[in-house]
Amino acid sequence: MQLVVGRIGKPHGVRGEVTVEVRTDEPEARFAPGTVLRTEPGATPPPARNTVPGTEAGATPPPTSDEPGVPFRVPAELTIEESRFHQGRVLIAFEGILDRNTAEALRGTLLVVDSADVTPPDDPEEFHDHQLVGLAVVTPAGERLGEVARIDHAPSSDLLVLRRPEGRTALIPFVRAIVPEVDLAGGRVIVDPPAGLLDL
């Protein structure tokens with residue numbers, strides 16, 4: 001099973017660094033220098049903001065590979081050369097990504113790891129994101145509220161993104177006062193939401 005640990009955002013600076021939207025609760029471990037991350041299969045660079053010569057004005061060709069005339073393609077794996085935290089964001093330099101144009105071509109690419117490579121937490125009160133995604137969300141009385149769509153890692157606390165039966169989503173702080181129990185064996189998360197939380 002492939003687990004998404006991050007999504008590449010916009011370039012930072014002119015030397016190939018990129019911002020990464022964190023989707024893991026262990027960013028220091030997942031984005032350590034030397035780590036090899038797979039990219040989402042079929043990931044392709046976004047269309048260039050300007051078109052190639054001969055089509056529209058303001059032409060700037062998209063980044064290319066090392067071979068002349070060959071458009072850049074997102075590689076199947078990216079190796080982290082350097083990583084650092086800056087103003088609440090993770091900035092990463094990948095091996096072989098040396099300029100802003102190439103970094104721009106990575107924008108939107110998902111970074112994934114295999115769940116078999118993820119060590120289970122030692123603390124029974126801790127959970128990896130992939131253990132929670134897809135679980136049913138119910139009240140203490142057993143009323144079904146929806147299912148866990150994903151986990152958002154906010155500065156103040158982690159948030160369960162609840163997909164409601166009617167299709168909309170709600171954010172639930174992943175704190176014991178609101179989420180008193182996670183029953184992995186039973187495939188459910190018990191949530192006791194305060195009034196109005198699911199309507200936000």
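**Salt bridges and overall build**

Arginine 188 counts as partly exposed, its relative accessibility being 34% (buried means under 20% relative accessible area, exposed over 50%, and partly exposed in between, with a 1.4 Å probe and protein chains only). Its side chain meets that of aspartate 183 in a salt bridge, with 3.5 Å from N to O; the term denotes a side-chain nitrogen of Lys or Arg within 4 Å of a carboxyl oxygen of Asp or Glu. Elsewhere, Arg164, Glu166, Arg168 and Asp199 are joined into one network by salt bridges that share partners.

The structure is a predicted model, in which local features need pLDDT of at least 70 and side-chain atom pairs count only at pLDDT 80 or more, whereas totals for chains, interfaces and linings use all residues. Residues are numbered from 1 along each chain as its sequence is written, and side-chain values use heavy atoms, with hydrogens and water left out.

Side chains of opposite charge can pair when their charged atoms come close. A search of the whole structure yields 11 salt bridges. One of these links aspartate 114 to arginine 38, with 3.8 Å between the closest N and O atoms. Because aspartate 114 belongs to strand β6 (residues 110-114) and arginine 38 to strand β3 (residues 36-39), this pair ties together parts that are 76 residues apart in sequence. Arginine 38 is partly exposed, at 33% relative accessibility. A further salt bridge joins arginine 107 and glutamate 104, whose closest N and O atoms are 2.9 Å apart. Both partners are partly exposed: arginine 107 has a relative accessibility of 32%, and glutamate 104 has 22%.

The unreviewed UniProt entry places the annotation "domain: RimM N-terminal" on residues 4-40 and 76-116; such annotations may be inferred rather than shown by experiment. Within residues 4-40, 11% is helix and 51% strand, and the end C-alpha atoms lie 8 Å apart. Aspartate 117 sits in the loop between β6 and α3 (129-132). This aspartate 117 is exposed, with a relative accessible area of 58%. Its C-alpha atom is separated by 10.0 Å from that of glutamine 2, although the two residues are 115 residues apart along the chain.

Turning to the whole protein, there are 3 helices and 12 strands, taken as DSSP runs (helices H or I, at least four residues; strands E, at least two) and numbered from the N terminus. Of the 200 residues, 35% are buried.
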